[in-house]
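This report describes a single protein model. Please look at the sequence and the structure before reading on.

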Amino acid sequence: GRRFPRHNPAVLWRGWTAGVLMSVPMTVMQFGGSRSIELGLGGGEGTELRLGQKLAAVSLAGAMSGVIINPFEIAQIQQQKYGGGLAATSAGRTRGHDFSRF
């Protein structure tokens, strides 16, 4: 059979499987985060949140998942563009930027 091309990480990020592997964690964080935030806002069994509270919960959950998932998506895109491993890609993208303010 065909050998697995270990030298080209772009191969790992193609097709349906790669899409699922990036979408599932984001969706889980959005739904789980939304439920956790709703509980934090006072929602629970027998307690219905107002529309504004529900919208705030889903918006915060979406933002939270974006903050967590986007660095991985950026690394994925950079690996497709330049090749190399995850550590080298991350180091190459952060070199020359001052992150001490964060």
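The sections below cover the overall fold, the second helix, a surface patch and the salt bridges.

## Overall fold

The model is predicted. The protein contains three helices and zero strands, and along the sequence its pattern reads α-α-α.

Of the 102 residues in the protein, 20% are buried. The accessible surface amounts to about 7,800 Å², and carbon and sulfur atoms contribute 62% of that area. Among contacts with a separation of 6 or more, 50% join residues 24 or more positions apart.

## Helix H2

Helix H2 covers residues 51-82. With 32 residues at 1.5 Å a residue, a span of 46 Å is expected, and the end C-alpha atoms lie 45 Å apart, which agrees. The helix is nevertheless bent: a kink of about 35° is located at Ile69, shortly before the proline Pro71.

Ile69, the site of the kink, is also one of the buried residues of H2. The other buried residues of this helix are Ala57, Ala61, Ser65, Gly66, Ala75, Gln76, Gln78 and Gln79.

## Nonpolar patch

Met64, Val67, Ile68 and Phe72 make a nonpolar surface patch of about 390 Å². Two of its members can be described further. Met64 is in helix H2 and is partly exposed, its relative accessible area being 38%. Ile68 is likewise found in helix H2, and its relative accessibility of 38% places Ile68 in the partly exposed class. Both values exceed the 30% relative accessible area that patch residues must pass.

Met64 also gives a distance between parts of the chain that are separated in sequence. Its C-alpha atom is 7.7 Å from that of Gln30, although the two residues are 34 residues apart along the chain. Gln30 falls within helix H1, which comprises residues 15-40.

## Salt bridges

Side chains of opposite charge can pair when their charged atoms come close. The count of salt bridges in this model is two.

One of them links Arg35 and Glu38, with 3.6 Å between the closest N and O atoms. This distance counts because the cut-off for a salt bridge is 4 Å. Arg35 and Glu38 are three residues apart in helix H1, so about one helical turn separates them. An α-helix has 3.6 residues a turn, so residues three or four places apart point the same way. The partners differ in burial: Arg35 is partly exposed at a relative accessible area of 41%, whereas Glu38 is buried at 18%.

The other salt bridge is formed by the side chains of Lys54 and Glu48, with an N to O distance of 2.4 Å. Lys54 is partly exposed, with 32% relative accessibility, while Glu48 is exposed at a relative accessible area of 60%.

## Surroundings of Glu38

What does Glu38 touch, leaving aside residues up to four places away in sequence? Its contacts are Gly43, Leu49 and Ala57. Glu38 itself belongs to helix H1, and Ala57 is among the buried residues of H2; this contact therefore joins a residue of H1 to a residue of H2.

Glu38 counts as buried because its relative accessible area of 18% is under the 20% limit. Glu38 thus combines a buried position with a salt bridge to Arg35 and contacts that include Leu49.

How values were computed:
Residues numbered from 1 in each chain as written. Predicted model: local features only at pLDDT ≥ 70, side-chain atom pairs only at ≥ 80, totals over all residues. Heavy atoms only, no water. Helix = DSSP H or I, 4+ residues; strand = E, 2+ residues; numbered from the N terminus. Buried < 20%, exposed > 50% of the residue type's maximum accessible area, 1.4 Å probe, protein only. Contact = heavy atoms within 4.5 Å. Expected span 1.5 Å × (residues − 1). Bend = angle between axes of the 7 residues up to and from the residue. Patch = residues over 30% accessible without salt bridge, like charges linked within 9 Å, V, L, I, M, F, W, Y side chains within 5 Å. Areas by Shrake-Rupley, 256 points an atom, 1.4 Å probe, with all protein chains shown as cover.
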